[in-house]
Amino acid sequence: MSGLATAAGFARLWPRLRLTVPGWTGTLEGRSLYSFARDGPGEGAIVEIGSASGRSTICLARGSKAVLREHVYAVDLHIRDTLDAFERNVRRFGVDDWVVTVVAPSDSVVDVPAERVRLLFVDGSHTYERVRGDIEAWLPRIVPGGVLVFDDYFGTKRGWGVRQAVDELVASGAVRSSLVRVGTHVWTIKL
Ligand SMILES: C[S@@+](CC[C@H](N)C(=O)[O-])C[C@H]1O[C@@H](n2cnc3c(N)ncnc32)[C@H](O)[C@@H]1O
């Protein structure tokens, strides 16, 4: 039953979101974020690292709001001057009451009051050092059974190190060893 409602909710959202909000999140990835936010395991906040104009944020927030679950903390320095567009888009899609805008470095846990996080989406800087820093900063806040999603694990651009940082996380034994691929994303579960 929730599968049908989730599919319908995303289908109502996606065409207008894709057309009117620029971003890096595609259909597969957007549907997956919506679904984790709406139906995913655990209890606790949703934290997104890297929001840009809000495409992925809106997927997360609309999913969670559809069933009145937790709010989304959207952490981004808005390096490319995206803050105004982000706030406008979040309002336009009716989730300004579900999104907490955090303009701060991605590892700034002190700027997020939620102590328990059930869903972490990492899509900020893709360098090895930053992704590793993001993991180290946020992992203690993620509840056992909570979901971690990483964008661009398979990316091969020079200077990117998502794969190395995520592989080290898996090797540490803190998460399930099986990574599940959804488009450009991989996800796993905290043990
Ligand atoms: C790829 S974009 C995010 C795309 C977005 N998730 C979407 O679906 O369209 C990456 C974002 O990470 C932010 N960013 C990069 N390095 C950061 C850092 N150290 N701290 C906070 N945000 C950062 C940038 O400002 C940019 O908006």
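**Figure 1. Helices and strands of the predicted chain.** In this predicted model, the secondary structure of the chain amounts to six helices and seven strands. Followed along the sequence, these elements are arranged in the pattern α-α-β-α-β-α-β-β-α-β-α-β-β. The radius of gyration of the chain is 15 Å, which is close to the 16 Å that the globule rule gives for 191 residues, so the chain is as compact as a globular protein of that length. Measured out along its principal axes, the C-alpha trace spans about 40 × 40 × 30 Å.

**Figure 2. The pocket and the shell of residues around the ligand.** The ligand takes up the space of the largest pocket. There are 19 residues around the ligand, and among these Thr 25, Gly 50, Ser 56, Asp 76 and Asp 123 come nearest. When the residues of this shell are divided by character, six are nonpolar, nine are polar and four are charged.

**Figure 3. Backbone atoms that face polar atoms of the ligand.** A nitrogen atom of the ligand lies 2.9 Å from a backbone N or O atom of Gly 50, a residue that also belongs to those coming nearest to the ligand. On the oxygen side, a polar backbone atom of Trp 24 is 3.0 Å from an oxygen atom of the ligand, while a polar backbone atom of Ala 52 is 3.5 Å from an oxygen atom of the ligand. Taken on its own, the ligand has 610 Å² of accessible area, and the protein covers 91% of that area.

Conventions. Residues numbered from 1 in each chain as written. Predicted model: local features only at pLDDT ≥ 70, side-chain atom pairs only at ≥ 80, totals over all residues. Heavy atoms only, no water. Near = heavy atom within 4 Å. Polar contact = N/O pair within 3.5 Å; in protein donor to acceptor, adjacent residues only side chain to side chain. Areas by Shrake-Rupley, 256 points an atom, 1.4 Å probe, with all protein chains shown as cover. 1 Å grid on protein atoms, 1.4 Å probe; cavity = no way out; pocket = protein on both sides within 12 Å on 5 of 7 lines; lining within 4 Å. Sits in = over half its atoms within 2 Å of the grid points. Nonpolar A, V, L, I, M, F, W, Y, C, P; charged D, E, K, R; others polar. Helix = DSSP H or I, 4+ residues; strand = E, 2+ residues; numbered from the N terminus. Rg over C-alpha atoms; globule rule 2.2 N^0.38 Å.
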